[in-house]
Amino acid sequence: MNEIVPPAANAGDENQWLTPGVKGIGCASLLADVGHEIPTALLPSLLTSLGAPAAALGAIEGVSDALAGAARFGGGVLADDPSRRRKVAVGGYVATAVLGAATAGATTVWQVGLLRAAAWTARGLRVPARNALLADIVPPAAYGRAYGFERMMDNLGAIFGPLLALGLVAWLGVRWAIGLSVIPGLLAAAAIVYAIRRTPRPTSQGKVPLKIRIKPVLRGDLGRLMAAVTAFEVGNVAATLLILRASDLLAVERGAKTATTIALGLYIAYNIAATLVSVPAGRLSDRLGRRGPVVVLAGGIAGFALSYGLFIADATAVVLLAIPFVLAGISIGAVETAQHSAIAALAPEDLRGSAFGMLAAVQSFGNLAASTLAGILWTAFSPAAAFAYLTAWMILALAGLTVTSRTLRG
């Protein structure tokens with residue numbers, strides 16, 4: 001049975017984990033997020049300029065997300081080979097940057113869709129490789145802090161990217177802004193190369209054969225963890241539904257324009273909370289020892305259950321809406337950090353790529369299912385019904401984590 005490795009006796013130095021390699025991967029996450037957030041934020045405007053209907057945006061994003069999910073699973077298979085994962089990581093960052101920026105030159109809707117789908121596929125391929133590389137760099141006793149740092153940098157990119165997009169559009173226009181997104185994207189690729197050069201070279205000889213391995217990932221503690229994570233992700237709705245809920249509630253008294261502005265401000269607070277909590281959540285995970293990642297993950301999921309429960313109420317005061325937004329931000333910062341550190345600790349080294357690939361695929365397809373089903377419940381019944389459904393999945397995930405935690409005591 002695979003177990004979380006207890007902290008090593010000589011790994012207690014609080015500063016040892018933040019190595020140049022960890023910093024390089026963190027910078028790659030920040031710069032890559034800035035790079036792909038620019039075309040993402042400006043995609044609606046680009047499609048509108050081409051005369052595309054709203055349905056085109058939905059179709060392009062839906063297909064791209066589905067391909068990204070499949071690519072993440074495939075990327076995990078590739079990342080099982082320590083040598084191959086380096087090439088996949090670099091190639092994925094470069095391809096995402098170039099393909100995403102290339103949409104600036106698209107003159108038809110189908111070209112935008114093709115380039116977007118290709119960019120998201122490349123992005124999906126690189127995710128398991130990057131996560132596996134980070135586990136190669138730090139000792140198990142520092143997984144929480146290392147993955148917390150990477151998540152913090154990624155969340156910072158999600159804040160800076162849209163802000164940079166607004167500035168570039170005001171200065172140069174939509175197409176130039178999208179085209180210039182290649183710069184932070186290629187800088188991200190350079191950062192991952194920098195990190196790789198400071199990662200110990202693989203000791204194994206020869207290539208690991210490409211093989212889809214699902215059953216080994218679903219065994220023992222790792223399998224029980226994956227089941228609980230799946231329950232969580234099926235209830236982990238896109239933050240856009242939180243924004244919509246706030247906008248609808250605020251519009252009754254403040255009007256649509258003001259409500260939208262306030263809701264976006266609440267979303268910024270959500271991202272700030274996620275950024276600030278990532279490293280502390282990782283530090284707590286490390287200090288709690290072998291059960292730490294599961295405990296932090298459970299705490300984050302409990303926070304989501306409370307947040308979604310608060311969204312059931314028809315609160316119209318900004319302060320009352322800010323509470324579930326900030327709580328959800330704190331929760332996602334803790335959950336993402338704990339998920340990655342738990343997978344790194346529980347997965348055998350030769351299965352690490354496949355485990356991260358399965359996690360990424362579950363995250364992608366689970367989020368799609370959560371948003372789709374919650375949207376159907378929202379339309380057919382009420383927003384309260386949608387958030388009650390999401391809360392139920394959080395409770396189910398907590399039950400699964402309780403089972404996992406008990407097996408880790410001995």
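Let's start with the empty space inside: this predicted model holds three cavities of 30 Å³ or more. Rolling a probe the size of a water molecule over the atoms is what reveals such empty space. The largest cavity takes in about 110 Å³. It has 14 lining residues, and those closest to its centre are Ala32, Gly35, His36, Thr96 and Ala97. If you want to find the walls by eye, look for helix H1 (20-49), helix H3 (82-102) and helix H4 (109-137), the elements that each give two or more residues to the lining. As for the chemistry of that lining, six of its residues are nonpolar, six are polar and two are charged.

Two of those helices also turn up in our next topic, the salt bridges. Side chains of opposite charge can pair when their charged atoms come close. Across the whole structure, a search turns up seven salt bridges. In one of them, the side chains of Arg85 and Asp136 meet at 2.6 Å, N to O. This pair ties together distant parts of the chain, with Arg85 in helix H3 and Asp136 in helix H4, 51 residues apart. How buried or exposed are the two partners? Arg85 counts as buried because its relative accessibility is 0%, while Asp136 is partly exposed, at 24%.

Now move along to helix H5 (residues 143-172), where Arg151 and Asp154 sit three residues apart, about one turn of the helix. An α-helix has 3.6 residues a turn, so residues three or four places apart point the same way. The side chains of Arg151 and Asp154 do meet in a salt bridge, at 3.6 Å, N to O. Arg151 has a relative accessibility of 8%, so it counts as buried, and Asp154 is buried too, with 13%. Arg151 also pairs with Glu150, at 2.8 Å, N to O, and Glu150 is buried as well. Step back and you'll see a network of salt bridges that links Arg130, Glu150, Arg151, Asp154 and Glu336.

Our last stop is helix H9, which runs over residues 239-254. Its 16 residues reach 22 Å from the first C-alpha to the last, close to the 22 Å expected at 1.5 Å a residue. Plenty of neighbours surround the buried residues of H9: they pack against helix H10 (256-287), helix H11 (292-312), helix H12 (318-346), helix H13 (352-380) and helix H14 (383-407). Among those buried residues are Leu241, Leu242, Ile243, Leu249 and Leu250, and Arg245 is on the list too. Right after H9 comes Gly255, with a positive phi near 90°.

Notes. Residues numbered from 1 in each chain as written. Predicted model: local features only at pLDDT ≥ 70, side-chain atom pairs only at ≥ 80, totals over all residues. Heavy atoms only, no water. 1 Å grid on protein atoms, 1.4 Å probe; cavity = no way out; pocket = protein on both sides within 12 Å on 5 of 7 lines; lining within 4 Å. Points joined across faces, edges and corners; volume = space filled by probe spheres on them. Helix = DSSP H or I, 4+ residues; strand = E, 2+ residues; numbered from the N terminus. Nonpolar A, V, L, I, M, F, W, Y, C, P; charged D, E, K, R; others polar. Expected span 1.5 Å × (residues − 1). Buried < 20%, exposed > 50% of the residue type's maximum accessible area, 1.4 Å probe, protein only. Contact = heavy atoms within 4.5 Å. Salt bridge = Lys/Arg side-chain N within 4 Å of Asp/Glu carboxyl O.
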